Each structure stands twice: as structure tokens, then as C-alpha cells.
Amino acid sequence: MSAPSDAQRMEKIVSLCKRRGFIFQSSEIYGGLNGAWDYGPLGVELKRNLKNYWWRVMVHERDDVVGMDGSILTHPAVLKASGHVEGFSDPMIDCRTCKSHLRADQLVEKKGVKQCPNCGGKDLTEARQFNLMFETHVGAAAEESSIAYLRPETAQSIFVQFKNILEVSRKKLPFGIAQIGKAFRNEINPRNFTFRSREFEQMELEYFCRAEEGMKWLDYWLEERLKFYENIGLVRASLHVLNVPDAERAFYSKGTYDIEYDFPFGRQELEGVAYRTDYDLLQHQKASAKSLEYFDDETKQRFIPHVVEPSAGVDRTILALICNAYAEDKAPNDKGELESRIVLRFHPRMAPIKCAVFPLLKNKEPLVVKAKEIVALLRPHMTVFYDEGGAIGRRYRRQDEIGTPFGVTIDFETLGEKNPALRDTVTLRDRDSMQQERIAIQDLPVILRERIR
Ligand code: ATP
């Protein structure tokens, strides 16, 4: 099979996501809502695995980080103080020929003339600023005083709750507050599948420290985050670090790295790791007239901590995981002939279903009974899928396509009919090597748990 081009590869990925229940277009039966996506039965498992793993390494396995879960509806004063109401916008240009709205950086330039990327039209408006925040009204009266925003990032509620969390957690600098949750941006042009959506999820950490240590923690978090991506199975060679140049950084940031991934549609940002200085806390202290200072017991000094922020996108990481995992190769069918297969090579830690359980034949009751016992044995430890329908090769293929790393088959040896020594053993098949090993049923939970952790 020749390697598909990047565009073909992306098309195949989008179609697999729909066919197998990872990601659907939102409101599809009504024609779809642009920039919004629904995750199906497998997509939601993949997403949970990603978020749980992030939470595990960023919060549970550390002494210096606590979590929070803030509201999506945000008081306008918060976003005025943070600068979002005034400045959270992208330059927008309209094409007068095809009427499309474009982000200024999406124009294509041919022979020094800017053109619409959709129709090639050259009749374009001047750029104007378009604020990306979704505004809504709280309560019955739709007047100025009732405006609220859907948060454009999760970070602001962390800054606003900084003092409360500092008091209840009794943490000393440096320490962090982590949050996973939805964010909303009215993107001018959502595109590249889920990559640029209007509703998405973020995994953010605000790590508070002393001013003199800001640059040190910036580098520390960059390394931690790169390790994270490798630990969920992204290939290191497809990850890149962009040291964002002075002119392109937010004015308050003293250093920002973008972690980028080679998507089939190009190299694009997965996560930003930014040293935001004391900007946000200072802004909120000024605007609220409430002290957001930290008191250092030892030096008896009061000051506003600085902050380093690793900010990752759940949906972009999910897309990277799927793109990274997608492969086409050849596998033998039941007659031993090689057939092409689609396989998602997810890291077992991320795979939506960890283990599939197959009785060799569905009309042999002792095989089915044993298989169901094994399902019950494994279920408390992991996601398991039971499948008794069709030839065994076809059943393997269906699991390969959704990235299930392990398959357990219950055969006649399991019943000990030919060789009593093999009673209560099963074959354990590895998705990638397609190798099978014979394992005692009682050892399965320990062996599999070790491999999926
Ligand atoms: P971009 O330049 O691609 O618009 P950004 O630099 O504005 O992204 P940040 O404000 O740094 O993004 O947000 C942190 C992370 O949130 C991003 O790295 C990305 O993973 C995620 N994110 C931001 N906007 C979107 C979006 N529209 N759809 C999906 N994920 C997003």
C-alpha cells in the first residue's frame, strides 16, 4: 500500500473518527454547528484517559499543586481587568467576492498581491479587530448590568481565586493551581477538524513563584510538558519547541515557548508554556482593590507572586494522539493470507478500550462462560470489550481499528481438553506485534494493569 498524502491521511482520520465513534460533528442531523464537535463512545474514553493522566501527573503525583474547578460564566469585571474585553481579538478581513470572513493571517499572497484563500478574490476589506469572546446575559433583564462572558480560557478563575486557595491549601511558594475545563472562543474561521474549535477544553496550570525564579520555572515546565507528551505516546521527533520571539509574545510575558506538533495539515501549536510575570494578579488586585499579595513567613515580605503557565488543549492533544496513532499495514486473515488493516497504535495508557475478550466460538457454551468470567475479572481494573461475533481475525481487526492494545482469546486449550497443563490459560495478543503469548487467567489482571498504567 503506498503512503497516503497528508490531505488523504487527514480525510481518512476524520472518516474513521466518525465511523468508529470517536468524534461527530455537533448537531449533525441539522446540518452541523460550525466549530463545535461531539465526542462519541470511544472519543469520550480517550478524552477521559488524557485528562485523568494530566491530572495524575500534574496534581496527584506532586506536593506543590492543588486543583480547582471554576465556573464557565464569568463576571465582566474579571475579563476587563485581564485585558480580554479590550484586547482579546483577531484582525478580521472580509472577501467581498465570496463574502467569507477571514483571519488576516489566512490570506494568501501571490505575486505580492493578497488574495482570498477560498476564491482567489482580491477585493478585500481593511482589517478590523474582532473580539473572540462569547457574550451572554445572566438573569431575566437583558441590560448592560447583566452581561457575562463564557470564559475564553480557564486561567482567569485561578487568578481570581488565588487568595482563597492560598489560604485553604496553606501552600508556600513555589506552588501551582491546576484546572481542566471548557473554554470558548468565537474563532473567525474554525478549521482543520477539531484543531480550531469555538468550544474546546483546556488543561492549565498556573505555577506561582518568586520573580527571580520565573525563567527557571519556565524552562522546568517546558521539559515536564515535553516528557508528558512522550509519556502519552507522541513521537518526540514530531514535537517541536518554538521560542516565541519578543515581538510576538504578549507584552507582559518575559518568555513563551510553544510546543508544536506535526499534524497532517502542518506544524501547529499544541500547548503554550508562558512566563506571565505578575501581570494577571496585579491587574486583579488593582481592579478589585483586594490584596492578592503573598506573605513570606521567613523574610516577612509581602509581594505579588509571578506565574508560569503551561496551557494545553485537550482537543488538540486528542487530535494529535489520533494522527500519531493512525497507521495502515498488513495482517494475516483467518486463512493466513495478508490483508491490509487500519490500526490505531495508541499508547496503552491512552487507549479507550484496554482489552478485548473473545471466545473462539460463540456456540460453544463452556468457551462463552469462561470468556464472560474473564470479562468480570478484568472490568474492575480497566475498560473491556466482549466480542463473540464473526471470525476471530475479523474481531481482531475491529479492535485494531480502534486501538485496543490487548486481545484475550479463550480457546479449547483453556478448557484443558487436550493438555490439562494448559487449563485456565488464554492467549494474549499484542495489537502492534500481533504476537500471542499463553498466560494463566489468574495472572491477567496484574500483567495487564502493569502494561496500561
Ligand atoms: P492559536 O494561536 O492556535 O489560536 P493561542 O495561542 O491563542 O492558540 P492559547 O491562548 O495559548 O492559544 O491557549 C492555550 C491552548 O488552548 C492552545 O495551545 C490550544 O491547545 C488550546 N486552544 C486555544 N484555542 C483553541 C481553539 N480555538 N480550539 C481548540 N483548542 C484551542
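These legends describe close-up views of one predicted model.

**View 1. The largest pocket.**
The largest pocket has a volume of about 1600 Å³. Its lining counts 50 residues. Nearest its centre lie Phe88, Glu153, Arg185, Asp258 and Glu269. Several elements give two or more residues to this lining, among them helix 4 (84-87), strand 5 (89-94), strand 13 (199-209) and strand 15 (255-263). Strand 16 (266-277), helix 8 (279-288), strand 19 (306-313) and helix 9 (314-325) also belong to that group. Strand 16 gives the most, with 7 residues. By class, the lining divides into 19 charged, 16 nonpolar and 15 polar residues.

**View 2. The ligand and its surroundings.**
There are 15 residues around the ligand. Of these, Glu187, Arg196, Ser197, Glu269 and Leu270 come nearest. Glu187 places a polar side-chain atom 2.8 Å from a nitrogen atom of the ligand. Ser197 uses its backbone instead: a polar backbone atom is 2.8 Å from a nitrogen atom of the ligand. An oxygen atom of the ligand lies 3.2 Å from a polar side-chain atom of Gln202. Glu269 is also listed among the residues nearest the centre of the largest pocket.

**View 3. Thr154 in its loop.**
Thr154 sits in the loop between strand 11 (147-150) and helix 5 (155-160). Its relative accessibility is 0%, so Thr154 counts as buried. The side chains of Thr154 and Glu204 are joined by a polar contact of 2.5 Å. Leaving aside residues up to four places away in sequence, Thr154 touches Gln179, Gly181, Lys182, Gln202 and Glu204. Gln202 in this list also has a polar side-chain atom 3.2 Å from an oxygen atom of the ligand.

**View 4. The second largest pocket.**
The second largest pocket has a volume of about 220 Å³. Its lining consists of His75, Ala77, Val78, Ala81, Val160, Lys163, His284, Ala287, Ser288, Lys290 and Leu292. Helix 3 (76-81) and helix 8 each supply at least two of these residues. Helix 8 also gives two or more residues to the lining of the largest pocket. The class count here is 6 nonpolar, 3 polar and 2 charged.

**View 5. The enclosed cavity.**
Searching the whole structure finds 1 cavity of 30 Å³ or more. The volume of the largest cavity is about 40 Å³. Ala356, Phe358, Tyr396, Gln399, Thr404, Phe406, Gly407 and Arg429 form its lining. Strand 22 (355-359), helix 11 (392-402) and strand 24 (406-410) each give two or more residues to the lining. The lining has 4 nonpolar, 3 polar and 1 charged residues.

**View 6. Helix 11 beside the cavity.**
Helix 11 is mostly covered, with 9 of its 11 residues buried. The buried residues are Ile392, Gly393, Arg395, Tyr396, Arg397, Gln399, Asp400, Glu401 and Ile402. Tyr396 and Gln399 also line the largest cavity. An α-helix has 3.6 residues a turn, so residues three or four places apart point the same way. Just after the helix, Gly403 takes a positive phi of about 85°.

**View 7. Val14 and Leu319.**
Val14 belongs to helix 1 (residues 6-19). Is Val14 buried, partly exposed or exposed? Val14 is partly exposed, because its relative accessible area is 30% and the partly exposed class falls between 20% and 50%. Val14 and Leu319 are 305 residues apart along the chain. Their C-alpha atoms are separated by 9.8 Å.

Note on methods: Residues are numbered from 1 along each chain as its sequence is written. This is a predicted model: local features need pLDDT of at least 70, side-chain atom pairs count only at pLDDT 80 or more; totals for chains, interfaces and linings use all residues. Side-chain values use heavy atoms; hydrogens and water are left out. On a 1 Å grid over the protein atoms alone, a cavity is a set of points where a 1.4 Å probe fits but cannot get out, and a pocket is an open set with protein on both sides within 12 Å along at least five of seven lines; lining residues have an atom within 4 Å of a point. Grid points are joined across faces, edges and corners, and a volume is the space filled by probe spheres set on the points. Helices (H or I, at least four residues) and strands (E, at least two) are DSSP runs, numbered from the N terminus. Ala, Val, Leu, Ile, Met, Phe, Trp, Tyr, Cys and Pro count as nonpolar, Asp, Glu, Lys and Arg as charged, and the others, Gly among them, as polar. Buried means under 20% relative accessible area, exposed over 50%, partly exposed in between (1.4 Å probe, protein chains only). A polar contact is a pair of N or O atoms within 3.5 Å; within protein, one must be able to donate a hydrogen and the other to accept it, and residues adjacent in sequence count only if both atoms are side-chain atoms. Contact means heavy atoms within 4.5 Å. A residue is near a molecule or strand if one of its heavy atoms lies within 4 Å of it.
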